[in-house]
Amino acid sequence: MAVIICVKDLIKKYNNGVQALDGLSLTVNEGETFSLLGQNGAGKSTLINILTTYLRPTSGSVIMFGKDVCHEAAATRSQISCVAQRTSIDSHLSLTENMMFQSKLYKVPKMDARRRMETLISCFGLEQYLNYPVSSYSGGVKRRLDIALNMMSNPKVLFLDEPTVGMDIQSRMAMLDMLKKIRNDFGTTIFLTTHYLEEADQLSDTICIMKNGKEVIQGSPNALREYLHQDMLKISFASKEEAKICFEPLKSVVALKESDLRDDKIITSLKNGHSDLEEANRWLLEQGVPFLGIEIMRPALEDVFIRLTSDDERGVS
């Protein structure tokens, strides 16, 4: 599979002294969905801005389509689109007027633009909104239209910055289906950032986890889960408060970190195999602690993310 984006040793220092990227390297293959994960401040937005030519790096290289992004920015822009968190829709124009206006910006011939608009409206389920003013659309529909606008130029790479943030469940599901169609039906390479780990797990061919401006791991969702090598111990409680009350005294039985307390659950690596399960279960019963269940489970992508980005992580093995 051909590499379409190659980032090597990327550094970005701002004038105020903040270093957003610190030797970041990653590769994106043509036709895949690539997800970038990281806590706030990890450098995700800075990287997106460099890849989409809004920012220049301090040092390092970015090669896209075989060209240096810094020195051939105009050629790069003609082959990419970027959907930011704030939509670029003009609410004074109709749905079709928005799409045709976008095609003019990219100098798409009128007949080609109309054919592509009809295809996108059909594929993304926008027909039912044609007779309604754009200003009346829900946030989820506006986001879908925004992505359709950015597909009018037939980009080779579509950048999406947290495309489902703030959406309800139904809108998020519709968006996930839309992204799958973009990859499968149009062959577009998708580069997205998201805070929803289950989305990255469902959508991604490759995931890169960042911390402090560096990549800490990159691979398929399955490969990332295999990274931990350990099964997890999960104890479920009826509420967040009950989990929190149990957390401190349970430390004397099973080695726990602060990041192991997750809402109404305690989830931790099995350091001593099944004996951790037996000891924890015995302690809970002896202390009369109310809990909903205790089990051993395979690590999820969330477990890998927390392990690699938590403050008490001491390095990557």
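Visitor: Which residues lie nearest the centre of the largest cavity?

Guide: This is a predicted model, and the search for enclosed space in it gives one cavity of 30 Å³ or more. Twelve residues line the largest cavity. Those that lie nearest its centre are K257, D260, R262, D303 and R307.

Visitor: Which helix gives the most to the lining of the largest cavity?

Guide: The largest cavity has a volume of about 80 Å³. One helix, spanning residues 301–309, contributes three residues to its lining. That helix is α11.

Visitor: How much space lies in the largest pocket?

Guide: The largest pocket has a lining of 15 residues. Y54, S81, C82, Y106 and N150 are the ones nearest its centre. The space in this pocket comes to about 300 Å³.

Visitor: Which element gives the most to the lining of the largest pocket?

Guide: At least two lining residues come from each of β6 (80–83), α3 (95–105) and α5 (139–151). The top contributor to the lining of the largest pocket gives four residues. That element is β6.

Visitor: Is Q19 buried, exposed or partly exposed?

Guide: Q19 is found in strand β2, which covers residues 19–29. A residue counts as buried under 20% relative accessible area and as exposed over 50%. The relative accessible area of Q19 is 32%, which lies in between, so Q19 is partly exposed.

Visitor: Which residues is Q19 in contact with, leaving aside its neighbours within four places in sequence?

Guide: Contact here requires heavy atoms within 4.5 Å. With the neighbours within four places in sequence set aside, the contacts of Q19 are I11, K12 and K13.

Visitor: How far apart in space are Q19 and N212, C-alpha to C-alpha?

Guide: In sequence, Q19 and N212 are 193 residues apart. In space, the C-alpha to C-alpha distance between Q19 and N212 is 8.8 Å.

Visitor: What share of the chain's contacts with a separation of 6 or more comes from residues 24 or more positions apart?

Guide: The chain has eleven helices and 14 strands. Among its contacts with a separation of 6 or more, residues 24 or more positions apart account for 68%.

Visitor: What percentage of the residues of the chain count as buried?

Guide: The chain has 317 residues, and it exposes about 15,600 Å². Carbon and sulfur atoms supply 49% of that exposed area. The share of residues that count as buried is 47%.

Visitor: How far apart do the centres of the positive and negative side chains lie?

Guide: There are 37 positive and 41 negative side chains in the chain. The centres of these two sets are separated by 7 Å.

Conventions. Residues are numbered from 1 along each chain as its sequence is written. This is a predicted model: local features need pLDDT of at least 70, side-chain atom pairs count only at pLDDT 80 or more; totals for chains, interfaces and linings use all residues. Side-chain values use heavy atoms; hydrogens and water are left out. Buried means under 20% relative accessible area, exposed over 50%, partly exposed in between (1.4 Å probe, protein chains only). Accessible areas come from the Shrake-Rupley method with a 1.4 Å probe; for residues, only the protein chains shown count as cover. Lys and Arg count as positive and Asp and Glu as negative; His and the chain ends are not counted. The place of a charge is taken as NZ of Lys, CZ of Arg, CG of Asp or CD of Glu. On a 1 Å grid over the protein atoms alone, a cavity is a set of points where a 1.4 Å probe fits but cannot get out, and a pocket is an open set with protein on both sides within 12 Å along at least five of seven lines; lining residues have an atom within 4 Å of a point. Grid points are joined across faces, edges and corners, and a volume is the space filled by probe spheres set on the points.
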